[in-house]
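Open the structure in your viewer and keep the selection box handy. We will go stop by stop, and at each one you will hear what to select and what is there.

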Amino acid sequence: MPENGIGASSVRREDIRFLSGNGKYTDDINVHGQKYVFFLRSDVAHGKINSIDTSKAEAVSGVVGIFTGDDFVEVGGLPCGWQVTDRFGEVMKEPGHPVLAQGKVRHVGDPIAAVVADSLEIARDAAEVINVDLEELPAVVDMKAAVEGGTLVHDEIETNLCYDWGFVEENRDAVDEAIKSAHHVTTLELVNNRLVPNAMEPRVAIGDYDASNDQSTLYTTSQNPHVIRLLMGAFVLQIPEHKLRVVAPDVGGGFGSKIFHYAEEAFCTLAARKLRVPVKWTASRTESFITDAHGRDHVTKIELALDENGMFQAIRTDTCANMGAYLSTFSTSVPTWLHGTLMAGNYKTPLIYVNVKAVFTNTVPVDAYRGAGRPEATFQLERVIDKAAREMGMDPVEIRRKNFIQKDEFPYATPVALEYDTGDYDATMDKLHEIADLDGYEARAKASREKGLLRGLGINCYIEACGIAPSNLVGMLGARAGLYESATVRVNATGSITVMTGCHSHGQGHETTFPQVIADMIGISEDQVHIQHGDTSNTPMGMGTYGSRSIAVGGAAMVRATEKIIAKAKKIAAHLMEASAEDIELKDGSFSVVGTDKSVGWGDVCLAAYVPHNYPLEELEPGLEETAFYDPANFTFPAGAYACEVEVDPDTGKVDICSFAATDDFGNVINPMVVDGQVHGGIAQGIGQALREHAFYDENGQLLSGTYMDYSMPRADDLPSFVVDHSCQTPCTHNPLGVKGCGEAGAIGSPPAVVNAVIDALNKGGFDVNHIDMPLSPSRVWTAING
Amino acid sequence: MYDFELRRPENLSEAIESLSADGAQALAGGQTLIPTLKNRLASPDVLVSIGGLAELQGVSESNGVVSIKAGTTHGVVAGSVKSYPALAALAANIGDPAVRNRGTIGGSIANNDPSACYPAATLASKATIITSKRSIPSSDFFVGIFETVLDEGELITQVDFEVPDVANYQKFDQPASRFALVGVFLARYGNDVRVAVTGASEDGVFRWSEAEQALGSDFSASAIDRLEVDAEGMIEDIHGSKDYRASLIKVLTKRAVKAC
């Protein structure tokens, strides 16, 4: 393994500041003279606002301003970034999403009024004396009930159905026919449980306005400051980009929840302009639970048709996807293009039809959460395959292997629109067999039985579409944004380099891994390269970090910019050595003339660019700085195979994860240690979903698991030491690094492995249980065992 | 948090005096009270901080009795109670280190959270709760969830446990909070067996008297095979049904017997 550059496990340089308390998070920013906002939020899921009387609150000493929905009538609502067209050719229903509620509240946590005051306590005191005449209306929480009508979340659209999407619609009849005539059909109804993202750092927004130059600044906890600037500036507040700066400094975890444009960002920006004071909001953990966009929440029926040999013939799915009360920024794309296109998985199923009904309910909006649509696809597919194997008496590994797309069949066009460029699914399965010690399973199962415990083994595969995304393709599919990435590589006069990237690092380790790439290309040490991100005023327009895209798209942009740098530097070196640029070779930080002993160092060339005393000024501009925008030609397709072993206590229903092994094909790997960490984190979240986490709403729309007393996060001692491997590598064929992305794999691949393992344990223990909906809490497992 | 007056009495008698004020409330480790205040769910006018009072600190053990002053933290109980290992083990498994370094035995018992661990130990091990006014047998102390016989301004000062021949506490964690979803504290004094159950009942901690009788005549796990706990009156929430909790009581009681 190299010690520097691509492939080195370089130590994460950003951890020094994080672990020593020197990280600079948004809440660490305090603008001189700032005031504090407290949002008065609805405590009912659905209600009509008859009147709001703020007179008593205005009289509270220290109150600077009070805002209600009426103050935001003139500005836009929060936009949705993806327009889905339904199976009848109609565009989706897109009700308004006001910054502060106007006339109605639609979920617990919907902001009714905002009080800006000298301190948060004063703002909170004043909010308590705002008199809201709120008429509670019946809430609609269950998706099936919502589809049937009755109570409407948005009266103006006259339905709770956002869209009824079919994919591929032309395949519908053929799929129906294949299922009707199949040798065997396995059917499974399941729920992909709603999750609260729970970033360690709650959201924060600070609005600031500089009247001297009419400049607004928003400091915010965001994964994509340029996207926020575009959405908020253009669609909500009508502030042009050159008058609006968005800064997202260190961010303590996002998992998707900090992609989206939130009401509090627009509020603080506008209130700062109106009040001429900086306005700061820091979410309490309680607010995080009821305002951060939730994840998942699909109810699905999947049918898998097989022939007598266990070959997959067709898949048909029918899903209700919860949108919550409003359309969050990318909510509509998650159950459609990020979900339906993945239903082929790693297999050669010839016919697939996916139906998704997106439904409004009186709950917090739902949007992308680590994996976003792909975990939902993988879960249902890998669960129904397991059930089919059991029904047909086949081994769960064998049924998968015989349906795999073979390595010599790539590029492979699936029936759901994607073209996988590379893969070798047998290789990852072979590796899994080895690292999970599947041959030793029976001995371990015997040991478990002797303890009175039921042991089970769960296997599954996954594929994901990452490196999001080709702009022309997503534009055709309804995206209202391009999904390229950008980088500016600025070489300084003495040879050090500052890279300004449109990506944003909030745990991924870009500050360590991106320099490894440049160090490798030029042959300098990594510590000569600094990564700058998170501020629209000093980074090129980029789309941010999500969808496992940063190295595949942002890294590619950085490579392209660096290639331009090297090309120019070769010309300078050629001039210095009086040779032709075509004859210049760059190796280990030194330019040499091929076939001679002439050479000039990297630093000398950089200095010449900025002190151009001896420089071809008539042919070449001085300076050494280049920008590149990179738009990918295709998605990338990381894939892998996972194995989980569990012990179930039949008396209590408690599930212990004994071991978890993951083999991932991420293509080329920049930093194996960072990749290990990303996979570990993803698996921990996936196990959290499988066994513990659940945003549980009652029929009145109250979130019963709204604190950590009831929302069960996975803790370190709930988890085994993971065994992970990414040595099976089929490099991506269409990006310059051959990389695929690794941020979401663990969260996508792990829930079915856990559930398959528990179901296997119960069946081997003599309990005829086909399925348990996540989370597989002790009580749910016990209830399944005890009928 | 609403504004309040914070008093820091020098000694116990000053503390008791302060607690007689209108709207006064004692603040010990604050593991329940502080989050309650932060959520504006309580608004005491006066908080009397008793955490630092030397008179409320410490553990002593003699003649088969473990006496724990009310302000002693779970961490200290876990580390210093030697003659009653089941009690020390219980304390060592409350919350996390931060909670154990702040939370106190007096606070836990006075609060009588239906899922707390200490009430089960107190009820099973013939404890006496000594207050600023009187001594109360544990069998009379707990009234219902979050309810005890303590009067306004009455302060627990010490808890005396009779050390049993053998004892064991089985706690089944609520997955999120790691409070007891069900906890069973079993203590045996000769043929007198006590089985106290926390986490399960809508009425708070209780003794499972049928199991006590069965185990009194035959101290083996199989002695309660034929017993069933009535699910009526059990707590039902998102973490478990009445039936589930009733079943857990029996499972955990058998495990406690086996562990003794």
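Helices and strands here are DSSP runs numbered from the N terminus, a helix having at least four residues in H or I and a strand at least two in E. With that in hand, select P775(A), which sits in the loop between helix 18 (745-764) and helix 19 of chain A. Please remember as you look that this is a predicted model.

**Stop 1: the cis bond at P775(A)**

Show the backbone from M774(A) to P775(A): the peptide bond there is cis, with omega near 0°. Keep P775(A) on screen, as it is one of the residues touched by R692(A).

**Stop 2: R692(A)**

Now select R692(A), in helix 17 (residues 672-692) of chain A. What does its side chain reach in chain B? The R692(A) side chain comes to 3.1 Å from the backbone oxygen of P175(B). Within chain A, the R692(A) side chain also makes a polar contact with the side chain of S712(A), at 2.9 Å. Leaving aside residues up to four places away in sequence, R692(A) touches I687(A), S712(A), M713(A), P714(A), D718(A), P775(A) and P175(B).

**Stop 3: between the chains**

From that list, pick D718(A) and add R178(B): these two form a salt bridge, with the closest N and O atoms 3.1 Å apart. How many salt bridges are there between chain A and chain B? The count is seven. Residue pairs in polar contact between the two chains, with both at pLDDT 80 or more, number 17. On the chain A side, helix 3 (120-128) and helix 19 (778-785) each supply at least two of the residues that touch chain B. Colour helix 3 of chain A if you want the element that gives the most to this side, with four residues. By type, the chain A side divides into 12 charged, seven nonpolar and five polar residues.

Zoom out to take in the whole contact, made by 24 residues from chain A and 21 residues from chain B. Together the chains bury about 1900 Å², and 50% of that is on carbon and sulfur atoms.

**Stop 4: aromatic rings**

Next, select Y462(A), Y642(A) and F660(A). Over all chains, the structure has 28 aromatic pairs. Y462(A) and Y642(A) make one that is edge-to-face, 5.4 Å centre to centre with 65° between the planes. Y462(A) belongs to strand 18 (residues 454-463) and Y642(A) to strand 26 (residues 639-648) of chain A, and the two are 180 residues apart. Y642(A) also pairs edge-to-face with F660(A), at 5.8 Å centre to centre and 85° between the planes. F660(A) is in strand 27 (residues 655-665) of chain A, 18 residues from Y642(A).

Are these rings buried or exposed? Y642(A) counts as buried because its relative accessibility is 0%, and F660(A) counts as buried at 1%. Y462(A) is buried too.

For another group of rings, select F39(A), F67(A), F72(A), F267(A) and W281(A), which form one aromatic cluster.

**Stop 5: backbone details**

Move to I468(A) and A469(A), joined by a cis peptide bond with omega about 0°. A469(A) is in the loop between strand 18 and helix 13 (471-476) of chain A.

Then select D437(A), in the loop between helix 11 (425-435) and helix 12 (441-450) of chain A. D437(A) is not a glycine, yet its phi is positive, about 45°. Finish at N63(B), which has a positive phi near 50° and lies in the loop between strand 4 (59-62) and strand 5 (65-69) of chain B. D437(A) counts as partly exposed at 38% relative accessibility, whereas N63(B) is exposed, with a relative accessible area of 79%.

Notes
Residues are numbered from 1 along each chain as its sequence is written. Chains are lettered from A and ligands numbered from 1 in the order in which they are written. This is a predicted model: local features need pLDDT of at least 70, side-chain atom pairs count only at pLDDT 80 or more; totals for chains, interfaces and linings use all residues. Side-chain values use heavy atoms; hydrogens and water are left out. Contact means heavy atoms within 4.5 Å. Buried area is the accessible area (1.4 Å probe) that two parts lose on being put together, summed over both. A salt bridge is a side-chain nitrogen of Lys or Arg within 4 Å of a carboxyl oxygen of Asp or Glu. A polar contact is a pair of N or O atoms within 3.5 Å; within protein, one must be able to donate a hydrogen and the other to accept it, and residues adjacent in sequence count only if both atoms are side-chain atoms. Ala, Val, Leu, Ile, Met, Phe, Trp, Tyr, Cys and Pro count as nonpolar, Asp, Glu, Lys and Arg as charged, and the others, Gly among them, as polar. Rings of Phe, Tyr and Trp (its six-membered ring) pair if their centres lie within 6.5 Å; planes under 30 degrees apart count as stacked, over 60 as edge-to-face and the rest as tilted. Buried means under 20% relative accessible area, exposed over 50%, partly exposed in between (1.4 Å probe, protein chains only).
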